[in-house]
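Visitor: I've never looked at this one before. Could you walk me through it and tell me how you know what you say?
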Amino acid sequence: MSGFGWVWWNWNLVADLRVMWQYTFIQSAFEAGTIIAILAGVVSYLVVLRRSSFAAHALGHVGFSGAAGAVLFAVAPIWGLLLFTTVSGTGIAVLGRRAANRDVEIGTVLAFMLGLGLLFLAFYRGYATEAYSILFGDIVGISPSQVWFTLYASLPIFVVLLLVYRQLLFASLDEEVAEAKGMHTMLLGIIFMLALAVAISIAVTVIGVLLIFALTVTPAAIAVRLAQRPLYAVLISVLVALAATWAGIFIAFYEVEPTSFFIVTIVFAIYLVVRLLPGLGPATQQARWARASAPALASGGRPGAAPTPAPETELP
Amino acid sequence: MGAIAQAEHVEVGYHARTVWTDATFDIGPGEFVAVIGPNGAGKTTLFKLLLGLLRPRAGRLELFGTAPRRGNSKIGYVPQTHTVDRDTNVQADQLVRLGYSGTRWTPPLTPSEWRVEREAAERALQLVGATELGTRPLGALSGGELQRIFLAEALAGRPEMLLLDEPLASLDLRRAEELVQVVSGLVRAQRVTTLLVAHDINPLIRYLDKVIYIANGRVATGLPHDVLTTERLTALYGVRVEVLHDSRGNLVIVGGEDSHQDVSA
């Protein structure tokens, strides 16, 4: 949750890492952070492609209520998280052909679920630190057995995602055709939501429900501006999530501020750079294309003389 | 050769509402057929029948010699609405590749699988004259360019029949005619039987083999110049409808339920 101001920077990365690696909790943090970043990076590409970031946001918050309920009943918070997110995720998948069009329904259920979370917290007589770590994450508080749990929870998701990756990609890009081709688009939607639910549940340990976007949406938001092939986009998304998680843990070891703050800040900084870099993303490419072709249309030809038909003007 | 699709006295509807009744037509191999009619007449419903997403309430419908079934790989389908939007920063040929292999479970794993998929996509893009568009992001394509990509996506699996739902809807007249020429070329060169839904016949009329005209809950079918006459359409609508011709061979249908749809310029 917070950094540890007792060790000083050495400005020698290898020596720094060697010092850190003596601590079991740092080893656990890196191991769990790595698994979580890979899963979150893979899932986040689908979140962005399916325009489901509001669902991701909602699942995180619903997870909070689940975790608060688990704490109240003296169960590990992760079980409450998994239960609430998988049930809600399946619900969202069944409800909406595309979750993107279901903001109102998701929001309505979300408000009620958060109310439940508040009630659980009110009943709970213990310390508020549990709630705090669910809200903002506590990666350095993770135990070796939790690392194993993280691995076991994500392995089946990896296997399933690898198996349905192609179909999920197709159903996300062209749902109408996928359905006409006899694919089970609703089942694929449920699989996606379950993967998202697990990714969120375990990512909460690192980043907390309030900051969940930093690992489940932003890495892919960065990746889709850099790559136009799904495979490359997924790889970039994973790399961003990994880099931010590792760097966040590393910096937090030497600074007093919480790890999640550094992770969120790193991801946001990369996002800013990518957004501000000129010439990335489809919108700017469209504009560039239009600019390049405007004078050419007037003169009846266009520079470059590629054998494509002249670019078209959109009807209103 | 026998008919690709055959309908006898087919009736179709959703719940209590009957969309149209008593449709009898047949579509031969390699035919270019336009499905015409006012909005809401049930043109897309015909596609749903052929795709096996809806069953006829009455009558007999056969496609490739059997009842239509969902997921028939002999059909390439371009729906009217699409998931792709301005923010879809995915290279166009990736969607065409998915048209070839998107129903499979895993991505292509061996180099030869990968090459076969790439070649299928390249061939499909070439058939619609969109080779140069393959490397551009979907979100940056114009309406007409996107329609070519969707067409290539549908063609990638080498279908025997194409169902195109309103591909001309958002295109200006010049783009519409270009796309019709591409489709017509495919029908002739590849002998792909093609049904194309439109609400304006004029960009199509010179290329068609057959018209299926749906209006007022009924279906008329035949050669364009037999169906699109004052007498046939008057009988179809049940009210006086007049078909006017201009000097260039364009048709204007006046007096139908929403005749303004047919007078589009």
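Guide: Start with the two domains of chain B: in this predicted model, the C-alpha centres of domain 1 and domain 2 of chain B lie 25 Å apart.

Visitor: Which residues of chain B make up domain 1 and domain 2?

Guide: Domain 1 of chain B takes 1-74 + 159-223, while domain 2 covers 87-153.

Visitor: How do you know that domain 1 and domain 2 of chain B are in contact?

Guide: Contact here asks for C-beta atoms within 7 Å. Eight residues from domain 1 of chain B and seven residues from domain 2 of chain B take part. On the domain 1 side, they divide into five nonpolar, one polar and two charged.

Visitor: What makes β1 and β4 of chain B a pair?

Guide: Pairing takes at least two bridges between the strands. Five bridges join β1 (residues 5-14) to β4 in chain B, so the pair qualifies by that cut-off. One example is B:Gln6, whose bridge partner in β4(B) is B:Glu62.

Visitor: Do tell me about the sheet they belong to. In what order do its three strands come?

Guide: The order is β2-β1-β4 in chain B, with antiparallel pairing, and the sheet is open.

Visitor: Why do β2 and β4 of chain B stand at the edges?

Guide: Each of them, β2 (17-27) and β4 (58-63) of chain B, has a single partner strand, so one side of each is left without a neighbour in the sheet. Neighbouring strands of this sheet are turned by 30° against each other on average, direction ignored. Helix α1 (residues 43-50) of chain B packs on the sheet and touches β1, β2 and β4 of chain B. The direction of α1 makes about 115° with that of β1(B).

Visitor: And the other chain? How many residues does the contact take from chain B and from chain A?

Guide: It takes 39 residues from chain B and 37 residues from chain A. In chain B, α2 (92-101), α4 (143-155) and α5 (173-190) each give two or more residues to that side, and α2(B) gives the most, with four. By class, the chain B side has 13 nonpolar, 17 polar and nine charged residues.

Visitor: How sure is the predictor about all this?

Guide: Chain B averages a pLDDT of 88, and 96% of its residues score at least 70. Among the elements of chain B, β6 (residues 161-165) has the highest mean pLDDT, 95, and β11 (residues 251-254) the lowest, 80. Over residues 259-265 of chain B, pLDDT stays under 50. For the complex, the predictor gives an ipTM of 0.87 and a pTM of 0.84.

How values were computed:
Residues numbered from 1 in each chain as written. Chains lettered and ligands numbered in written order. Predicted model: local features only at pLDDT ≥ 70, side-chain atom pairs only at ≥ 80, totals over all residues. pLDDT = per-residue confidence, 0-100. Contact = placed C-beta atoms within 7 Å. Axes fitted to C-alpha atoms, helices over the stretch in contact; angles between N-to-C directions. Domains from an automatic or database assignment. Nonpolar A, V, L, I, M, F, W, Y, C, P; charged D, E, K, R; others polar.
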